[in-house]
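Biologist: I am new to this protein and would like to start with one small part instead of the whole. Please pick a turn between two strands, look at it closely, and then show me how it connects with the rest.

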Amino acid sequence: LAPSPSVAAAQAPRPTPLGRPDATFPEPLSSPVGFRVLSDGRVLVADNIESTVSLLDFRTGKVTAVGRQGEGPGEFGMPGALYAAGGDTTFMMDMGNRRLLVIMPDGTISGNTVSLFHKSGWPIFPRGVDARGRIYFDLAGIAMPGLNDIVTSGRAPLMRWDRATDRMDTVASV
């Protein structure tokens with residue numbers, strides 16, 4: 001079977017012209033997996049192929065390395081998604097070391113890390129973080145004792161974890 005020309009034309013994506021960018025940066029990015037614009041206009045970027053986390057200052061053109069590859073303090077295994085926490089503090093997913101790193105507004109990595117596995121045994125793969133630093137995650141597709149009904153039911157709880165109080169609650173179902 002061959003689609004008729006009218007059907008094929010109806011399914012063609014319509015191009016959207018883009019205007020001039022607000023800003024450009026002279027250094028290329030290979031595979032950015034996370035961006036976070038800070039309140040002063042600097043941009044935090046995690047690049048998966050280059051295995052770098054950088055703080056870009058568009059006013060000065062300066063690139064500042066954030067941490068380095070490794071397993072210790074101030075290091076990351078594999079840079080990933082960036083999540084806005086309170087103020088200009090940022091959480092970065094570090095799947096290489098199975099943790100969230102806390103990146104401070106000055107671009108340094110805090111010694112406080114967050115394991116991707118809560119003491120309850122639940123995996124914490126963030127979907128977002130609110131202004132108070134509470135982490136939102138769901139348990140979709142997670143197969144572990146006590147959660148098998150989630151996998152088979154097709155519904156999973158959207159959880160909120162308040163790290164300050166270590167309280168978890170269910171916000172909704174997805």
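Modeller: What follows is a close look at one hairpin, with its surroundings added step by step.

A word on the ground rules comes before the details. This is a predicted model, where local features need pLDDT of at least 70 and side-chain atom pairs count only at pLDDT 80 or more, while totals for chains, interfaces and linings use all residues. Residues are numbered from 1 along each chain as its sequence is written, and side-chain values use heavy atoms, with hydrogens and water left out.

For orientation, the protein chain holds two helices and 14 strands; these are DSSP runs numbered from the N terminus, with helices being H or I over at least four residues and strands being E over at least two. Of its 174 residues, 37% are buried, where buried means under 20% relative accessible area, exposed means over 50%, and partly exposed lies in between (1.4 Å probe, protein chains only).

Now to the hairpin itself. Strand 13 (157-162) and strand 14 (167-173) are separated by a loop that contains D166. The two strands run antiparallel and are joined by six bridges; two strands pair if DSSP finds at least two bridges between them. One of these pairings links W161 with M168 in strand 14.

The hairpin has four residues between its strands, and there D166 takes a positive phi near 60°. Most residues other than glycine have a negative phi. A second case is S51, which is not a glycine but has a positive phi near 50°; S51 belongs to the loop between strand 2 (43-47) and strand 3 (52-57).

Is D166 buried, exposed or partly exposed? Its relative accessible area is 29%, so D166 counts as partly exposed. Its side chain is joined to that of H118 by a polar contact of 2.8 Å. Such a contact is a pair of N or O atoms within 3.5 Å; within protein, one must be able to donate a hydrogen and the other to accept it, and residues adjacent in sequence count only if both atoms are side-chain atoms.

H118 comes from another loop, the one between strand 10 and strand 11 (126-129). At 11% relative accessibility, H118 is buried. Beyond its neighbours within four places in sequence, H118 is in contact with I124, W161, D166 and M168, contact meaning heavy atoms within 4.5 Å. The bridge partners W161 and M168 are thus both found in the list of contacts of H118.

Strand 13 has another partner besides strand 14. Strand 12 (135-138) pairs with strand 13 in the antiparallel sense over four bridges, and in strand 13 the bridge partner of F137 is M159.

W161 and F137 lead us inward. Both are named, along with F91, L100, V129 and I135, as the residues that touch the most other members of the largest nonpolar core, which has 15 residues. A nonpolar core is a set of buried Ala, Val, Leu, Ile, Met, Phe, Trp, Tyr and Cys residues joined through side-chain atoms within 4.5 Å. At least two residues of this core are supplied by each of strand 8, strand 9 (99-103), strand 12 and strand 13. A second, separate core of 12 residues includes L38, A46, L82 and M92.

V129 is a good place to see how the first core reaches across the chain. Apart from neighbours within four places in sequence, V129 is in contact with Y83, A84, A85, F91, R134, I135 and Y136.

From here we can follow the core to another sheet. Strands 7-8-9-10 form, in that order, an open sheet of four strands with antiparallel pairing. Strand 7 (79-84) and strand 10 (109-115) are at the edges with a single partner strand each, so one side of each has no neighbour in the sheet. Within this sheet, strand 7 and strand 8 (residues 90-94) pair in the antiparallel sense over four bridges, and P79 has D94 as its bridge partner in strand 8.

To retrace the route, we began at D166 in the loop between strand 13 and strand 14, passed to H118 through a side-chain polar contact, and reached W161 in the largest nonpolar core.
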